[in-house]
Amino acid sequence: MIRNIGADFVPPPEGNCSGTDLAMEAFDGLEGAEYAEESDRVTSGGEVKVIRLHIRTAAASERLGRPCGEYVTLQTEDFGEYEDGEISEVAGILAKELKRMAHGCGLRDGGVLIAGLGNRELTADSVGPLTAVRIPATRHLSTYDRKLFESLGYREISVVAPGVTGQTGIETLEMLRAAVESSRPSAVIVIDALAARSCDRLGCTVQISDTGICPGSGVGNERSGLNEDTLGVPVISVGVPTIVRSSVLVKDVLADAGLLESEGIPEELSRILESGRNFFVSPRDCDAVVRQAAAVIAEALTDAFFYLENQK
């Protein structure tokens, strides 16, 4: 294992968190936030990099545009490149990080509500729903034979895929509040598609956080936040970046051609790129990416939460 405490970290050229849901892309190396990296290898010889960012102060939170808390990012090869056995290894690393974060939130043997956010009809936004259908729900089994349920060591797991407001006319927060009131979990875990600021992070990155999530924030369609303040229980978010702004592609092409100034993007070009004439793009193999990402996340969540801690 290799460890590097971010002294050599190079902040992103824009110097802000515009257009990205990934906290590590917003990190600027200044005070109030701690950054560290670790690397593991899987059977194929590929590398899984684990990046931990902890935002500790209100000043850093305001500067980076993120709530105080922990953000863990796993970077690996394109999910579509892994065989099934190798996916399980990546899922195992993610499960370990999820359990560690859940312990930090105080979750031990309580029930969990897992919510797959997003629009299943839109490929780039379907990571959440595709993950949800792979999660085994167990809470209903406890009502049939409580003693048998407890003897098997299962955790009470509830699973929902609430869709999006444009489909239901109901805010996701309203639906999850009702689900929390009904199932009374000790924690909520939400899965969603994210926006990135680098094409290199599409389809090969997973971010988890103990601060919850604001659905749609990366694409300028921010909805009500899902966090401990709004739901009354700790909220862990799991997300995979599946889209980038079109301006990112333009910047990447100009950089590859050596047409950007050494000190950064010229002010006039930056103004044009960020003027709102933007659209979002996803990888060519987005359907395969989201299927594999859903498989990785579902396996990790099942590994981390299906059984009670005292039964492992």
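Reader: Which residues form one aromatic cluster?

Author: The model is predicted. By the ring-pair rule, the count comes to five aromatic pairs. One aromatic cluster is formed by Phe149, Tyr154, Phe306 and Tyr307.

Reader: Are the rings of Phe149 and Tyr154 stacked or edge-to-face?

Author: The centres of the Phe149 and Tyr154 rings are 5.8 Å apart, and ring pairs count when their centres lie within 6.5 Å. Planes over 60 degrees apart count as edge-to-face. The planes of Phe149 and Tyr154 stand at 80°, so this pair is edge-to-face.

Reader: What is the angle between the planes of Phe306 and Tyr307?

Author: Phe306 and Tyr307 form an aromatic pair with 5.0 Å centre to centre. The pair is edge-to-face, and the angle between its planes is 85°.

Reader: Is Tyr307 buried, partly exposed or exposed?

Author: Two other members of the cluster are buried: Phe149 at 4% relative accessibility and Phe306 at 13%. Buried requires a value under 20%, and exposed one over 50%. Tyr307 has 36% relative accessibility, so Tyr307 counts as partly exposed.

Reader: Which backbone nitrogen does the side chain of Thr138 reach?

Author: Thr138 sits in the loop that runs between helix 4 (127-132) and helix 5 (146-152). Thr138 is buried because its relative accessible area is 1%. Its contacts, leaving out residues up to four places away in sequence, are Phe149, Arg155, Glu156, Ile157 and Phe306. At 2.9 Å, the side chain of Thr138 reaches the backbone nitrogen of Ile157.

Reader: Which residues touch the most other members of the largest nonpolar core?

Author: The largest nonpolar core holds 48 residues. Helix 11 (residues 286-305) supplies the largest share of this core, 11 residues. The members that touch the most others are Leu94, Leu98, Leu301 and Phe305.

Reader: What does Phe305 touch, not counting residues up to four places away in sequence?

Author: Phe305 is one of the four residues with the most contacts to other members of the largest nonpolar core. Leaving out residues up to four places away in sequence, Phe305 touches Leu98, Ala102, Leu107, Val112, Arg155, Ile157 and Ile189.

Reader: How many residues are in the other core?

Author: This core lies apart from the largest one. Among its members are Tyr71, Leu176, Val188 and Val190. The other core has 32 residues.

Reader: Which residue in the loop between helix 7 and strand 7 has a positive phi although it is not a glycine?

Author: Most residues other than glycine have a negative phi. The residue with a phi of about 50° in the loop between helix 7 (172-183) and strand 7 is exposed, with a relative accessible area of 66%. The residue is Arg184.

Reader: What phi does Gly258 take, just after helix 9?

Author: Helix 9 covers residues 246-256, and its buried residues are Ser246, Ser247, Val248, Lys251 and Leu254. Just after this helix, Gly258 takes a positive phi of about 70°.

Reader: Is Ser198 buried or exposed?

Author: Ser198 belongs to the loop between strand 7 (187-196) and strand 8 (205-209). Not counting residues up to four places away in sequence, Ser198 touches Glu25, Val244 and Val248. Its relative accessibility of 15% is under the 20% limit, so Ser198 counts as buried.

Reader: What distance separates the C-alpha atoms of Arg120 and Val164?

Author: Arg120 is placed in the loop between strand 5 (112-117) and helix 4, and at 47% relative accessibility Arg120 counts as partly exposed. Residues up to four places away in sequence aside, Arg120 touches Ser126, Pro129, Leu130 and Val133. Arg120 and Val164 are 44 residues apart along the chain, and their C-alpha atoms are separated by 9.2 Å.

Reader: What share of the 312 residues of the chain counts as buried?

Author: The chain has 11 helices and 10 strands. Its accessible surface comes to about 14,800 Å², with 49% belonging to carbon and sulfur atoms. Of the 312 residues, the share that counts as buried is 50%.

Reader: Over which residues is the pLDDT below 50?

Author: The average pLDDT of the chain is 84, and 83% of the residues score at least 70. One stretch has 33 contacts in the model beyond near neighbours in sequence, although its pLDDT is below 50. That stretch is residues 1-17.

Notes:
Residues numbered from 1 in each chain as written. Heavy atoms only, no water. Helix = DSSP H or I, 4+ residues; strand = E, 2+ residues; numbered from the N terminus. Buried < 20%, exposed > 50% of the residue type's maximum accessible area, 1.4 Å probe, protein only. Areas by Shrake-Rupley, 256 points an atom, 1.4 Å probe, with all protein chains shown as cover. Core = buried A, V, L, I, M, F, W, Y, C linked by side-chain atoms within 4.5 Å. Contact = heavy atoms within 4.5 Å. Polar contact = N/O pair within 3.5 Å; in protein donor to acceptor, adjacent residues only side chain to side chain. Phe/Tyr/Trp six-rings, centres within 6.5 Å; stacked < 30°, edge-to-face > 60°. pLDDT = per-residue confidence, 0-100.
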